[in-house]
Amino acid sequence: MQEIVGEALAKRLIDWGVDTVFGLPGDGINGLMEGFRRQRERLRFVLVHHEEAAAFMATGYAKATGRLGVCTATSGPGAIHLLNGLYDAKMDHTPVLAITGMQETSVQGTQYQQEVQTTQLYQDVAGAYNLMVTNPQQVPGVVDIAIRHALAKRTVVHLSFPNDIQVAAAASDPYRHVSPGAPPVSSPVLSRPPTPAAPEDLERAASVLDAGRKVAMLVGIGARYAREEVLATAEALGAPIVKTLSGKQVVPDEHPLTTGGLGLLGTKPSEVLMEECDTLLMVGTSYPYGSYLPSPGQARVVQIDRDASQIGIRLPVEVAVTADARIALKQLLPLLRRHDDRSFLAKHQRGRDSWREEMKALQDPSRTPIAPQYLMACVDELAADDAILTCDSGTVATWSARHWTIRGGRQYYLSGNLASMAPGLPYAIGIQLAYPGRQVIAYVGDGGFAMLMAEFLTAARHALPVKVIINNNNAYGQILWEQIILGYPEYAVRHPEPEPDFAVWARSCGGYGVKVDDPGQLSGAVREALAYPGPALVDCSVNPNEPPMPGKVRYEQAKEFTEAFLRGEPNRIATLATVARDKINELRK
């Protein structure tokens with residue numbers, strides 16, 4: 001059988017170590033699908049129900065493995081649907097290859113059906129490499145170039161294949177050559193050696209850090225493979241470790257050197273110490289929320305990042321160290337003197353201990369409606385020590401940030417910089433395929449789940465034992481509280497009754513599904529779901545009036561919150577009752 005371009009593409013993906021493609025077929029990629037079919041023994045095609053989910057699955061797969069994620073969609077509407085998941089990959093520096101179809105070359109420019117110029121459409125999201133293939137001779141060379149860009153730059157790349165090119169003979173040479181150039185001849189090889197730091201940068205960094213009296217560390221996902229080095233550096237400097245949300249998994253939550261997360265979803269001790277530190281070491285993060293970082297002139301800053309363009313974009317940096325986090329910290333450690341004064345660290349360790357007690361008090365199993373903190377606490381207690389939690393954006397991110405404990409080999413993934421709704425379930429599917437022996441849990445809100453709930457059927461049809469925990473408040477909870485914090489009464493953020501029962505959908509798909517509104521039944525339901533051999537879902541009705549309070553309430557936030565109530569917040573009585581009950585529980589501790 002003659003090899004076609006679609007098969008040449010599939011073979012080249014395999015050469016690069018790709019084993020999974022997520023997507024949805026269509027007449028715009030029939031030639032590519034035939035190529036995937038011919039290589040189905042070595043290249044798994046995961047048939048999804050929505051292209052946005054395919055892109056999220058590829059992104060989750062790539063985030064968890066560090067390997068290339070691949071998704072595909074037909075021309076026109078299918079390609080458009082991929083975009084949200086691809087922007088998630090781009091903004092979180094994740095290598096993903098998007099493959100789309102295009103109308104055959106002879107009809108392009110004639111306003112043909114579904115003729116969307118995808119290379120123009122994708123120029124922002126896939127600007128690193130974005131090409132429509134117009135000659136079989138370009139393959140596999142341009143596939144190699146695209147993948148190298150994706151992996152080397154940790155970004156999204158895009159290849160579009162017209163219909164006639166997809167089914168053309170892979171070896172065909174349809175045109176007369178009139179230039180001295182030649183079709184690309186390449187190989188599926190990429191060298192990615194760890195980047196060491198320049199000695200002079202390390203010496204300057206050590207000088208700044210040694211001079212500090214109140215040194216703090218802020219670590220992000222770029223330090224995920226440097227846990228031991230991060231801890232050793234913090235121990236030498238007597239520095240509390242603050243974690244970004246995406247970097248939650250870098251250091252165990254119960255380690256004495258960390259005070260937890262930062263920002264609106266973070267902890268009070270982390271926020272306070274950022275206001276007091278005189279020296280800050282940032283590792284593997286360009287943390288976006290500048291208002292939570294030291295004020296200009298307050299602290300001397302050293303920043304370590306493998307991408308030089310990410311250094312100094314939030315606040316003035318005195319020493320920039322462009323290097324792999326693990327290698328740079330290993331190089332830096334021998335240059336540091338041990339800081340024997342532990343008063344700064346000890347002060348914020350006491351604050352952390354107090355904070356943990358307050359958070360534990362909110363995990364009240366007796367409250368009705370169910371406290372969302374208790375739901376997350378049940379999952380945290382019963383999940384395996386190497387479980388992987390994926391999370392949607394919204395109030396669920398707050399509860400997971402504060403009540404999902406990183407210990408052992410646990411991991412944690414969410415849409416960091418895009419903060420998109422609905423990636424939790426697709427992430428879990430992609431990651432479960434990558435790690436079939438691991439426990440993978442999607443912790444999602446009812447709003448996000450409803451957007452892509454068809455993918456639970458995908459999990460069932462592929463016999464994937466993903467677990468879905470729905471924090472169901474029948475509202476867009478995060479937006480609700482953001483409106484109130486701005487001083488406005490909530491509007492158009494709560495769905496009218498009845499509250500949906502997603503457990504029915506789970507059972508109709510052939511999975512485990514249970515609806516819980518009694519706190520006494522919650523722990524047992526979560527335990528049964530985690531033990532179920534296939535896909536399982538727990539739909540938990542939680543208190544819709546539980547505010548995700550910031551770690552440290554600022555004057556302006558309190559002022560706007562009060563004004564929203566005075567202007568006629570419709571659920572002010574229930575909300576005030578919840579806040580009062582939370583405060584009473586905290587004080588009991």
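A residue counts as buried when its relative accessible area is under 20%, as exposed when that area is over 50%, and as partly exposed in between. Keep that in mind for helix H10 (residues 227–237), whose buried residues are Glu229, Val230, Leu231, Thr233, Ala234, Ala236 and Leu237. Everything here comes from a predicted model.

## The whole chain

Let's step back and look at the chain as a whole. It has 23 helices and 18 strands. The radius of gyration is 25 Å, close to the 25 Å that the globule rule gives for 589 residues, so the chain is as compact as a globular protein of that length. If you lay the C-alpha trace along its principal axes, it spans about 80 × 65 × 45 Å.

How much of the chain is buried? Buried residues account for 56% of the 589 residues. Contacts that reach along the chain are part of the picture too: among contacts with a separation of 6 or more, 75% are between residues 24 or more positions apart.

As for the outside, the accessible surface comes to about 23300 Å², and carbon and sulfur atoms make up 54% of that. On the charge side, there are 56 positive and 63 negative side chains, with the centres of the two sets 4 Å apart.

## Around strand S7 and helix H10

Now zoom in on strand S7 (residues 215–219). Five of its five residues are buried. Both of its faces are covered: Val215, Met217 and Val219 sit on one side, Ala216 and Leu218 on the other, and all of them are buried.

S7 has strand partners as well. With strand S10 (residues 279–283) it pairs in the parallel sense over five bridges, and in S10 the bridge partner of methionine 217 is leucine 281. With strand S8 (residues 241–243) the pairing is also in the parallel sense, over three bridges. There, valine 219 of S7 has lysine 243 as its bridge partner.

These strands bring us back to H10. What covers the buried residues of H10? The cover includes helix H9 (199–211), S7, S8, S10 and helix H12 (325–332). Just after H10 comes glycine 238, which takes a positive phi of about 60°.

## Another covered strand: S13

Further along the chain, strand S13 (residues 388–391) has both faces covered. Ile388 and Thr390 are on one side, Leu389 and Cys391 are on the other, and all are buried. S13 runs parallel to S14, and four bridges join them. One pair to look for is threonine 390 with its bridge partner in S14, tyrosine 413.

## A buried loop residue

Loops can hold buried residues too, and valine 466 is a case in point. You'll find it in the loop between helix H18 (454–461) and strand S16 (467–472). Is valine 466 buried or exposed? Its relative accessible area is 0%, and since buried means under 20%, valine 466 counts as buried.

Which residues does valine 466 touch? Leaving out residues up to four places away in sequence, it touches Ala428, Ile429, Gln432, Val440, Ala459, Gly534, Pro535 and Ala536. For a sense of distance, take glycine 290, which is 176 residues from valine 466 along the chain: their C-alpha atoms are separated by 36 Å.

## Backbone details in the loops

A few loops have backbone features that are worth a look. Two residues have a positive phi although neither is a glycine: glutamine 111 and alanine 419. Here they are with their loops.

| Residue | Phi | Loop |
|---|---|---|
| Glutamine 111 | about 60° | between strand S4 (96–102) and helix H6 (118–121) |
| Alanine 419 | about 50° | between strand S14 (411–414) and helix H16 (424–434) |

How accessible are they? Glutamine 111 is at 79% relative accessibility, so it counts as exposed. Alanine 419 has a relative accessible area of 43%, so it is partly exposed.

Then there are cis peptide bonds to find. One runs from threonine 368 to proline 369, with omega near 0°. Proline 369 is in the loop between helix H13 (343–361) and helix H14 (372–382). Another joins glutamate 497 and proline 498, with omega about 10°. Proline 498 has its place in the loop between helix H19 (477–485) and helix H20 (502–508).

Methods. Residues are numbered from 1 along each chain as its sequence is written. This is a predicted model: local features need pLDDT of at least 70, side-chain atom pairs count only at pLDDT 80 or more; totals for chains, interfaces and linings use all residues. Side-chain values use heavy atoms; hydrogens and water are left out. Helices (H or I, at least four residues) and strands (E, at least two) are DSSP runs, numbered from the N terminus. The radius of gyration is taken over C-alpha atoms; the globule rule is 2.2 Å times the number of residues to the power 0.38. Buried means under 20% relative accessible area, exposed over 50%, partly exposed in between (1.4 Å probe, protein chains only). Contact means heavy atoms within 4.5 Å. Accessible areas come from the Shrake-Rupley method with a 1.4 Å probe; for residues, only the protein chains shown count as cover. Lys and Arg count as positive and Asp and Glu as negative; His and the chain ends are not counted. The place of a charge is taken as NZ of Lys, CZ of Arg, CG of Asp or CD of Glu. Two strands pair if DSSP finds at least two bridges between them.
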